[in-house]
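Open your viewer and get ready to click through a few stops with me. At each one I will suggest a selection and tell you what to look for.

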Amino acid sequence: MAYTNDSIWKSVDWMTICIYLMLVIFGWFSVCGASYDYGEIDFFSFDTRAGKQFVWICCSLGLGFILMMLEDKLYDMFAYILYGGMMLLLLITPFLAEDTKGSYSWIKFGPVSLQPAEFAKFATALALAKFMNVYGFTMSKLKYSLPVVGMVLLPMLLIILQRETGSALVYLAFFFMLYREGMPGSILFAGICAVVYFVVGIRFGNELMADDCTSIGEFSVLLLIVILSALLVNSYCKKASVVWYIGGIGVGGTLLALLFSYYVIPFDITWFQYGLCVVLLFYLIFLSMHERMRNYFYIALFAIGSVGFLFSADYVFNNVLEPHQQIRIKVVLGMEEDLAGAGYNVNQSKIAIGSGGLWGKGFLNGTQTKLKYVPEQDTDFIFCTVGEEEGFVGSAAVLFLFTGLILRLIVVAERQHTRFARVYGYSVLSIFLFHLFINIGMVLGLTPVIGIPLPFFSYGGSSLWGFTILLFVFLRIDAGRGKR
């Protein structure tokens, strides 16, 4: 069928564009409020951050228009070239960039600085979509799943070399898309378990039980490993007797050891638990060979991997993470307060949001933000400006708009006729969702401060252009669905 530029604008998803425009406009007013200094009048002057953001917004609108006018098949044709070019740029960035607050991730072009990591997201999403669009693709085959994981981990590694850990972690969002496209739920389950192990092991690792010998964190994680192994056997092997053996001996033996340590001879119960884990491991391997059921072997791998992660988590936390990263995690987990140090930003952000009340103090009337109590208040902590000036109502309205964008992206992604379009759509959705959850969470003190922007709100051209490219490439692909 004939397909002209006129028909593109008829089939474009205008609801998504309207939400985008509202978020960008509200974001600009938030930047005005966060960066305003008493005496400034002209918000459109390029000498002010509000004026610069206005220029970035105008450029973003022009960029979105150009992306919509290109043929949608070009994004498929040049996906690998864009990915390769961005990986090369990420590789050379540390050698070209100057030190910016400890990271080497910004390349200067005269008065403008750009962060390649923001643009590598859409290139990675396009490359994944193209690779997963091949005939016969399935996440259950290693010849497909391993390259996909490698394509996600490569930009993460290159960005970590720039000492920009927060931006690297954003690429974990692609695993939400992989789960939608058939990644086994066991992998997602293992990821959740790793988070629980890390939080419990680190948070209670230095606290002792009543016997003064056993670490609460280590004890809890090892007991959890035994219980989860029994539940996995029940789910994947359907052997009630084996479940009772593992659960009864594991939990019952741990309870007896606990009573012995409390009332007879105090000792470190975790050594007994490690012995139980070894017995559990050999028992599951024996069942796998005896009954010729591979699931027992996979559960054994889960158990030994869990124990290995428990050991490595403590080492990584104490020897790999930077001191400021350790303190941020400790503050979130409640291990330290540090209101004058690592917890200062979050504490001031909470004060700003709480002081806004129901209706807020009004545009440019926020005291916490105007007096610059909140560091990075127009970038990573921009949401506290919304909370102080617009109050609970304004904050809820912003979250409502973001929720509408996420739900709309799900609808648009599900109506695609090709896997290429659907995979790219869910990649965009996952990145937006990750940024929203982590940024709002760190402003409220619910997640560690890892320094990632709030889409369309945080000050900066790289962030705004990166999110605009992500969104409008998907809108252009969606607009062309009628000719496929």
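Which backbone oxygen does the side chain of Thr124 reach? Select Thr124 and display its side chain: the partner is the backbone oxygen of Ala120, at 2.8 Å. Bear in mind throughout that this is a predicted model.

**Stop 1: around Thr124**

Stay with Thr124, which sits in helix H6, residues 116–132. Its relative accessible area is 0%, so Thr124 is buried. Now show what surrounds this residue. Apart from neighbours within four places in sequence, Thr124 is in contact with Tyr83, Met87, Met151, Pro155, Tyr171 and Phe174.

**Stop 2: Asp13 and its partners**

Next, go to Asp13, in the loop between helix H1 (5–11) and helix H2 (14–35). Is Asp13 buried or exposed? Asp13 has a relative accessible area of 4%, which is under the 20% cut-off, so this loop residue counts as buried.

Show side chains here and look for two polar contacts. One links the side chain of Asp13 to that of Thr16 at 2.3 Å, and another joins the side chains of Asp13 and Arg415 at 3.4 Å. Setting aside neighbours within four places in sequence, the contacts of Asp13 are Arg408, Val412, Arg415, Leu475 and Asp478. Add Arg476 to the selection as well: Asp13 and Arg476 are 463 residues apart in sequence, yet their C-alpha atoms are 9.1 Å apart in space.

**Stop 3: the two domains**

Zoom out and colour by domain. The assignment gives domain 1 as 6–182 + 334–478, and domain 2 as 206–321. How far apart do the C-alpha centres of domain 1 and domain 2 lie? The separation is 40 Å.

**Stop 4: the second largest pocket**

Now select Gly201, Ile202, Gly205, Asn206 and Asp314. These are the residues nearest the centre of the second largest pocket, which has 17 lining residues. The volume of this pocket is about 320 Å³.

Which helices each supply at least two residues of the lining? They are helix H10 (185–203) and helix H14 (294–320). H14 gives the largest share, six residues. If you colour the lining by class, you should find nine nonpolar, five polar and three charged residues.

Pick out Asp314, which lies in helix H14. With a relative accessible area of 44%, Asp314 is partly exposed. Draw a distance from its C-alpha atom to that of Gly205: the two residues are 109 apart along the chain, and the separation is 8.6 Å.

**Stop 5: Ser288**

Move to helix H13, residues 269–290, and select Ser288. Ser288 is buried, at 13% relative accessible area. Beyond its neighbours within four places in sequence, Ser288 is in contact with Met293, Arg294, Tyr296 and Phe297.

**Stop 6: two positive phi angles**

Finish with backbone geometry. Most residues other than glycine have a negative phi. Arg163 has a positive value, near 60°, and is found in the loop between helix H7 (142–160) and helix H8 (165–169). Arg163 is partly exposed, with a relative accessible area of 48%.

What is the phi of Lys238? For Lys238 phi is about 55°, again a positive value in a residue that is not a glycine. You will find Lys238 in the loop between helix H11 (216–236) and helix H12 (240–263). At 65% relative accessibility, Lys238 counts as exposed.

Terms used. Residues numbered from 1 in each chain as written. Predicted model: local features only at pLDDT ≥ 70, side-chain atom pairs only at ≥ 80, totals over all residues. Heavy atoms only, no water. 1 Å grid on protein atoms, 1.4 Å probe; cavity = no way out; pocket = protein on both sides within 12 Å on 5 of 7 lines; lining within 4 Å. Points joined across faces, edges and corners; volume = space filled by probe spheres on them. Helix = DSSP H or I, 4+ residues; strand = E, 2+ residues; numbered from the N terminus. Nonpolar A, V, L, I, M, F, W, Y, C, P; charged D, E, K, R; others polar. Buried < 20%, exposed > 50% of the residue type's maximum accessible area, 1.4 Å probe, protein only. Contact = heavy atoms within 4.5 Å. Polar contact = N/O pair within 3.5 Å; in protein donor to acceptor, adjacent residues only side chain to side chain. Domains from an automatic or database assignment.
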